[in-house]
Amino acid sequence: MSVEVSAGETVLLLGTTKGAFLARARDGDGDGGWDLAGPHFPGEEVYAMAYDDRAGRSRLWAAPGSPFWGTTLRFSDDFGASWSGKDERSVRFPEDSELSLKRIWQIRPGSEAEPDVIRLGVEPACLFESRDAGATWQPVEGLLNHPHRERWQPGAGGLCLHTIVGDGGPAGRMMIAISAAGAYRSDDGGATWVARNRGVRAEFMPDKHPEFGQCVHKIAHHPSNPGRLFLQNHWGLYRSEDWGDSWVDIANGVPSDFGFAMAMHPADPETVYIVPIESDGFRCTPDAKLRVYRTRDGGASWHPLTEGLPQENAYETVLRDALATLAPGQVFFGTRSGKVYASGDDGDSWELVRDGLPPVVCVKACTAA
């Protein structure tokens, strides 16, 4: 089942462990409720989705996968009414690498300056790139053959490259995050990569501040402040003012500095959202209260957002790609218990979009072109 979408309408792309769903705001911003379509790819896990409206396109991307049949990359140009062929497996490691694709964790369209570039973060940790709008894919050799690779260790979810951040500039500066290898930056379009983890702790390692090996959970960046990055770690909440050359702790006023999800406000580079988790041993919201925390001063302070969210017996988990923002001030997230929430006022209040879905692992938001 698909939804009929008109230009200017808000659409949520919801990836779950049992398929993908699309939610369309009936009145443009969600105040009038939501229409839900799906599941697309029923029974398959969908950890990555994206929307590409560059160069006149209106294309959905999804990466359904199965532990038995592998992962595919699919697209739709009609909001899910039809999808590209399921037998197309264009994302492949070179045979001499002795690696095979396990899961696609991130689909990242390039900047407006590179309208036909799309990047994928995959497991085992690698970056793939297409320069023809997704027709063909190649691994980024500088990362595939990185000298640290053989010493990278998987996190609990696997050895996954789950975050891709670019500055959109002509030099092609990028930052990627790998669990559990840490953050790596390229200043030359991916030809070379250097670990950028100075100041980030690795509590689970004998050396608490290694060159690499940190379990970074998410990195966020706003293009209007090109030097600043925010990072949610496996224990630790950080900010960098020099594109990751160094990091400082900004866990001020949060109930736990452990968590997965992090998202920038679409218009304000001082505003960031996170959803803390109690601990790595008990991966539920602290005190069984579902609270989104927001900073409006670049991490100097954090404040809980609770209106419309359950504040007792809410043993929820929000994963790294299940929190999204959309201009002007919309915020969305999904939980492992299958709930999806939306805010139209920067997070000051929330409404339940849908309950009873399979575990939500990916939430993306877009305005239909």
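**Strands, salt bridges and cysteines: a walk through the model**

Let me begin at the start of the chain, where a hairpin joins strand β1 to strand β2 through two residues. I should say at once that what we are looking at is a predicted model, and everything that follows is a description of that model.

Strand β1 covers residues 10–16, and since seven of its seven residues are buried, the strand is largely enclosed by the rest of the structure. If you follow the side chains along β1, T10, L12, L14 and T16 point one way while V11, L13 and G15 point the other way, and all of them are buried. Which strands does β1 pair with? On the hairpin side, six bridges join β1 to β2, residues 19–25, and the two run antiparallel; with β28, β1 pairs in the antiparallel sense over seven bridges. G15 is a convenient residue for seeing both pairings, as G15 stands opposite A20 in β2 and has C362 as its bridge partner in β28.

That brings us to the cysteines, and C362 is a good place to start. How many disulfides does the structure hold? The count is zero. For C362, which is in no disulfide, the nearest cysteine sulfur is that of C366, 12 Å away, and C362 counts as buried at 0% relative accessibility. C284 is likewise in no disulfide, and there the nearest cysteine sulfur, that of C215, is 18 Å away. C284 is also buried, with a relative accessible area of 15%.

Strand β28 also takes part in a salt bridge, which is our way into the charged residues. The side chains of K364 and D321 meet in a salt bridge, with a distance of 3.4 Å from N to O. K364 lies in β28, residues 360–367, and D321 in the loop between β23 and β24, so this pair ties together parts that are 43 residues apart in sequence. Is D321 buried or exposed? At 6% relative accessibility, D321 counts as buried.

Let me turn next to the sheet that contains β23. Four strands form an open sheet here, in the order β20-β21-β22-β23, and the pairing is antiparallel. Strands β20, residues 258–264, and β23, residues 303–305, stand at the edges with a single partner strand each, so one side of each is left without a neighbour in the sheet. Neighbouring strands of this sheet are turned by 35° against each other on average, with direction ignored. Looking at the β23 end of the sheet, β22, residues 292–295, and β23 pair in the antiparallel sense over three bridges, and in that pairing V292 stands opposite L305.

Strand β22 also carries R294, which forms a salt bridge with D348, the closest N and O atoms being 3.0 Å apart. Because R294 lies in β22 and D348 in the loop between β26 and β27, the pair ties together parts that are 54 residues apart in sequence. The two partners are not alike in their surroundings, for R294 is buried with a relative accessible area of 9%, whereas D348 counts as partly exposed at 36%.

These pairs belong to a longer list, since a search of the whole structure finds 28 salt bridges. One of the others joins R201 to E203, the closest N and O atoms being 2.7 Å apart; here R201 counts as buried at 19% relative accessibility, and E203 is partly exposed at 35%. There is also a network of salt bridges that links R173, R185, D187, R196 and D245.

A further open sheet of four strands has the order β16-β17-β18-β19, again with antiparallel pairing. Its edge strands are β16, residues 216–221, and β19, residues 248–249, each of which pairs on one side only. Two bridges join β18, residues 237–240, to β19, and these strands run antiparallel, with Y238 standing opposite D249.

I will finish with a single residue, H148, whose place is in the loop between α1 and β12. At 9% relative accessibility, H148 counts as buried. What does H148 touch, once residues up to four places away in sequence are not counted? The residues are Y184, A195, E211 and F212, and with Y184 there is, in addition, a polar contact between the two side chains at 2.7 Å.

Note on methods: Residues are numbered from 1 along each chain as its sequence is written. This is a predicted model: local features need pLDDT of at least 70, side-chain atom pairs count only at pLDDT 80 or more; totals for chains, interfaces and linings use all residues. Side-chain values use heavy atoms; hydrogens and water are left out. Two strands pair if DSSP finds at least two bridges between them. Axes are lines fitted to C-alpha atoms, for helices over the stretch in contact, and angles run from 0 to 180 degrees between N-to-C directions. Buried means under 20% relative accessible area, exposed over 50%, partly exposed in between (1.4 Å probe, protein chains only). A polar contact is a pair of N or O atoms within 3.5 Å; within protein, one must be able to donate a hydrogen and the other to accept it, and residues adjacent in sequence count only if both atoms are side-chain atoms. Contact means heavy atoms within 4.5 Å. A disulfide is a pair of cysteine sulfur atoms within 2.5 Å. A salt bridge is a side-chain nitrogen of Lys or Arg within 4 Å of a carboxyl oxygen of Asp or Glu.
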